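Here's a small set of exercises to work through with the viewer open. Try each task yourself, then check the solution underneath.

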Amino acid sequence: MFDKLADVIVNYVEVKREDIRPESRFMEDLGFTSFDFMSMLGEIEETLDVEVNAEEAANIRTVQEAVDYLSSLGN
């Protein structure tokens, strides 16, 4: 799941794939804006065929938290 997410992240912010770590924070470390983050979640929903709860997604700060959340959705 981490690799799938990292592949999507590089489409939204200017960061090298190898620089993405589980502890990377979306806003502070990777340079996401709120709009970037929500757009990325939309793509993840389509790519992984899952439904992301916006309230729960608002609490996601790191790549690992996103991996854990997406894994909990059943894929």
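The exercises below go from the overall fold to single residues, and the model they use is a predicted one.

**Exercise 1. The overall fold**

Task: work out how many helices and strands the protein has, and how its radius of gyration compares with the globule rule.

Solution:
- Start with the count: the protein has four helices and zero strands.
- Read the elements off from the N terminus and you get α-α-α-α.
- Now the size check. The radius of gyration comes out at 11 Å, close to the 11 Å the globule rule gives for 75 residues, so the protein is as compact as a globular protein of that length.
- For a feel of the dimensions, the C-alpha atoms fill a box of roughly 30 × 20 × 20 Å along the principal axes.
- Finally, look at the contacts with a separation of 6 or more: 46% of them come from residues 24 or more positions apart.

**Exercise 2. Surface and charge**

Task: find what share of the residues counts as buried, and how many positive and negative side chains there are.

Solution:
- Burial: 36% of the 75 residues count as buried.
- Surface: about 4700 Å² is exposed, with carbon and sulfur atoms supplying 45% of it.
- Charge: there are 6 positive and 18 negative side chains. The centres of these two sets lie 8 Å apart.

**Exercise 3. Two helices with a buried side**

Task: list the buried residues of α1 and of α4, then decide how they are arranged around each axis.

Solution:
- A reminder before you start: an α-helix has 3.6 residues a turn, so residues three or four places apart point the same way.
- In α1, the buried residues are Leu5, Ala6, Val8 and Ile9. They cover an arc of only 160° around the axis, which puts them on the same side of α1.
- In α4, which spans residues 63–72, the buried set is Val63, Ala66, Val67, Tyr69 and Leu70. Looking down the axis of α4, these fall within an arc of 165°, so they line one face of the helix.
- Next, ask what covers them. For α1, the cover includes α2 and α4. For α4, the buried residues pack against α1 (2–9), α2 (34–48) and α3 (54–57).

**Exercise 4. Three buried helix residues**

Task: for Ile9, Asp36 and Tyr69, find the helix each sits in, then check burial against the cut-off of under 20% relative accessible area.

Solution:
- Ile9 sits in α1. Its relative accessible area is 0%, so Ile9 is buried.
- Leaving aside neighbours within four places in sequence, Ile9 is in contact with Val15, Ile20, Phe26, Leu30, Phe32, Met40 and Val63. Ile9 and Ala66 are 57 residues apart along the chain, and their C-alpha atoms are separated by 11 Å.
- Asp36 belongs to α2. With 17% relative accessibility, Asp36 counts as buried.
- Again leaving out neighbours within four places, Asp36 is in contact with Tyr12, Val13 and Gly31. From Asp36 to Ile9, 27 residues apart along the chain, the C-alpha separation is 9.4 Å.
- Tyr69 is part of α4. At 12% relative accessibility, Tyr69 counts as buried.
- With neighbours within four places left aside, Tyr69 is in contact with Glu51, Val52, Asn53, Glu56 and Ile60. Tyr69 and Arg25 are 44 residues apart in sequence, and 15 Å apart from C-alpha to C-alpha.

**Exercise 5. Two loop residues**

Task: Ser24 and Asp49 are both loop residues; is Ser24 buried or exposed, and is Asp49 buried or exposed?

Solution:
- Place Ser24: this residue lies in the loop between α1 and α2.
- At 7% relative accessibility, Ser24 counts as buried.
- To see what surrounds Ser24, skip residues up to four places away in sequence; what Ser24 touches is then Asp19, Asp29, Leu30, Arg61, Thr62 and Val63.
- Place Asp49: this one is in the loop between α2 and α3.
- At 68% relative accessibility, Asp49 counts as exposed.
- One more thing to check is the backbone: Asp49 has a positive phi of about 55°, although Asp49 is not a glycine.

Methods. Residues numbered from 1 in each chain as written. Predicted model: local features only at pLDDT ≥ 70, side-chain atom pairs only at ≥ 80, totals over all residues. Heavy atoms only, no water. Rg over C-alpha atoms; globule rule 2.2 N^0.38 Å. Buried < 20%, exposed > 50% of the residue type's maximum accessible area, 1.4 Å probe, protein only. Contact = heavy atoms within 4.5 Å. Areas by Shrake-Rupley, 256 points an atom, 1.4 Å probe, with all protein chains shown as cover. Lys, Arg positive; Asp, Glu negative; His and termini not counted. Charge placed at Lys NZ, Arg CZ, Asp CG, Glu CD. Arc of directions from axis to C-beta.
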